[in-house]
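Subject: Structure handover

Hello,

Here is the structure I said I would pass on. My notes on the sheets, cores and helix packing follow below it.

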Amino acid sequence: MSASIPPVVTRFAPSPTGFLHIGGARTALFNWLFARHHGGKFLLRIEDTDKARSTQAAIDAILEGMRWLELDWDGDTVFQSTRATRHAEVAHQLLASGNGYRCYATSEELQAMRAEQRANKQPQRYDGRWRERECGPEQEGLPFAVRLKAPREGETVIEDAVQGRVVVQNSELDDMILLRSDGSPTYMLAVVVDDHDMGVTHVIRGDDHLNNAFRQLGIIDAMGWPKPTYAHVPLIHGADGAKMSKRHGATGVMDYDELGVLPEALSNYLLRLGWGHGDDEIIARDDAVRWFDLAGVGRSPSRFDQKKLENLNGHYIREASDDRLADLVAPRIEAALGQQLSNGDLALLTRAMPELKPRAKDLNELAEAASFLFKPRPLDVDEKAAALLQGPARDLLALLHTALGQAPEWSLEATEQAVRGVSVGAGVKLGQVAQPLRAALTGRATSPGIFDVLVLLGREESLARIADHMNKGEQ
């Protein structure tokens with residue numbers, strides 16, 4: 001009988017020293033998709049051992065970003081800092097088995113060693129001075145670090161699920177510290193112990209961790225633990241080919257929320273940033289779970305393209321329900337106008353969505369386009385709209401006020417008939433009538449269809465806004 005294959009377990013393990021970075025979000029997404037594709041588990045571990053830099057605000061920001069992207073994890077969040085005793089226990093096991101040793105080298109000695117290596121143009125690594133030494137009475141009571149006795153002969157091979165076969169000569173690996181002289185575990189030890197204890201089968205992370213994998217395998221082999229499958233994903237670069245950073249614009253996941261990007265749009269974009277499924281650009285979450293595999297991850301860095309994200313976001317805005325968009329846009333309008341929207345306002349905003357959302361590439365643009373519905377009179381008018389309200393426009397507005405006021409009902413058909421009647425009567429093209437009307441109703445030179453605007457505003461508000469601008473001097 002063949003041995004049963006263990007269930008897939010992946011993990012996302014960010015350090016809480018800042019917000020959820022766009023690269024970290026993609027790593028989390030790939031881990032989540034791989035686990036869900038295989039019916040396995042996706043775990044979350046907060047690597048908060050660096051107490052000087054880890055903050056609760058950063059932890060909250062990471063969790064907020066994960067929830068916003070709808071990357072749910074299985075079980076409780078694991079905090080690495082709570083497991084220091086277990087990490088130290090493994091270090092002492094390695095010490096007892098002869099796979100680790102005590103190093104009494106002082107910081108001054110190590111600094112001198114590195115200075116000599118620099119002077120001789122040698123690689124900067126620990127020279128193993130305590131590797132074979134026995135501790136004598138003179139070391140009694142002195143602080144010591146625990147180091148891994150790494151193999152020095154042969155080579156270490158990783159069959160990486162993304163990078164392929166990668167080989168490092170063991171002579172290039174040093175005896176890394178497992179426990180510092182104050183007894184605290186190092187990051188390298190903690191990661192390996194936690195991955196083992198959490199049953200992680202696949203370590204999917206950025207390729208900046210590839211070198212770490214070779215060193216971490218030394219601990220895994222010394223403990224006789226099963227090796228995970230490694231998949232080191234290329235980093236995300238900016239449009240200029242340099243590593244993604246703040247100078248390229250927004251790098252935090254929740255920054256994109258503020259920029260008006262829908263979470264499903266960012267998720268879709270991150271999925272396509274380094275992974276592909278034929279020519280498909282729009283990939284729903286269910287399809288992503290069905291299709292995702294590590295074979296589709298490229299080996300080259302991906303370039304973040306803001307325009308592509310905007311195009312995707314526009315698609316998802318058009319696909320989103322009107323009431324959801326209204327709920328998302330309302331707070332942005334309230335913040336911009338400094339006023340609370342009523343339930344009636346929210347209902348109006350929902351009704352306006354079919355006319356507004358086809359033109360918007362983000363929620364902020366959508367909020368700006370919808371704000372005219374709720375602005376108090378007299379309406380503020382931008383420069384382009386003001387130009388449309390000069391000269392003959394004022395006379396046309398007076399004619400429109402009369403014609404629309406006499407409309408038998410307030411509908412698309414009736415308002416269109418009234419406006420076209422003014423156009424014919426004045427002997428001008430429809431656009432010459434619609435432009436000043438749009439400026440008077442919205443304060444802008446662009447808007448949804450003018451007849452939709454009239455119906456959304458209603459008879460009373462529309463006539464009042466027209467009256468504010470007709471027969472007046474220059475605005």
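Strands β1, β2 and β3 form an open sheet of 3 strands, in the order β1-β2-β3, with parallel pairing. At the edges stand β1 (9–12) and β3 (78–79); each has a single partner strand, so one side of each is left without a neighbour in the sheet. Please keep in mind that this is a predicted model.

Within that sheet, 4 bridges join β1 to strand β2 (residues 41–46), in the parallel sense. One position to look at is F12, which stands opposite L44 in β2. Helix α2 (residues 56–68) packs on the sheet and touches β1, β2 and β3. The direction of α2 makes about 160° with that of β2.

Next, the cores. The largest nonpolar core has 97 residues, and M66 and L266 are those with the most contacts inside it. Helix α1 (residues 22–37) supplies the largest share of this core, 9 residues. A second, separate core has 31 residues, among them L173, L179, V200 and Y230.

What does M66 touch, leaving aside its neighbours within four places in sequence? The contacts of M66 are F12, L20, A28, F42, L44, L71 and W73. Two of these names have come up already: F12 and L44 stand opposite each other, with L44 in β2.

There is another open sheet of 3 strands, with the order β4-β5-β8 and antiparallel pairing. Its edge strands are β4 (100–103) and β8 (177–179), each of which pairs on one side only. On average, neighbouring strands of this sheet are turned by 45° against each other, direction ignored.

The pairing in this sheet can be listed by strand:

- β4 pairs with strand β5 (residues 145–148) over 4 bridges, in the antiparallel sense. R102 has V146 in β5 as its bridge partner.
- β5 and β8 run antiparallel and are joined by 2 bridges. Here V146 stands opposite L179 in β8.

V146 therefore appears in both pairings, with R102 as bridge partner and with L179 opposite. L179 is also one of the residues of the second core.

Helix α3 (residues 84–97) packs on this sheet, touching β4, β5 and β8. The direction of α3 makes about 120° with that of β8. As for β5, both of its faces are covered: A145 and R147 are buried on one side, and V146 and L148 are buried on the other.

Another pair of strands is β9 and β10. Strand β9 (residues 202–206) pairs with β10 in the parallel sense over 5 bridges, and I204 stands opposite A231 in β10. Of the 5 residues of strand β10 (residues 229–233), 4 are buried, so β10 is largely enclosed by the rest of the structure.

Last, a helix pair. The axes of helix α11 (residues 322–337) and helix α13 (residues 363–370) come within 9 Å and cross at roughly 75°. Angles of 65 to 115 degrees count as roughly perpendicular, and α11 and α13 are therefore roughly perpendicular to each other. On the α11 side the contact involves L325, L328, V329, R332 and I333; these meet L363, N364, L366, A367 and A370 in α13. By class, this contact of α11 with α13 has 8 nonpolar, 1 polar and 1 charged residues.

Regards

Note on methods. Residues numbered from 1 in each chain as written. Predicted model: local features only at pLDDT ≥ 70, side-chain atom pairs only at ≥ 80, totals over all residues. Heavy atoms only, no water. Core = buried A, V, L, I, M, F, W, Y, C linked by side-chain atoms within 4.5 Å. Buried < 20%, exposed > 50% of the residue type's maximum accessible area, 1.4 Å probe, protein only. Contact = heavy atoms within 4.5 Å. Pairing = 2+ DSSP bridges. Axes fitted to C-alpha atoms, helices over the stretch in contact; angles between N-to-C directions. Parallel < 35°, antiparallel > 145°, perpendicular 65-115°, else oblique. Nonpolar A, V, L, I, M, F, W, Y, C, P; charged D, E, K, R; others polar.
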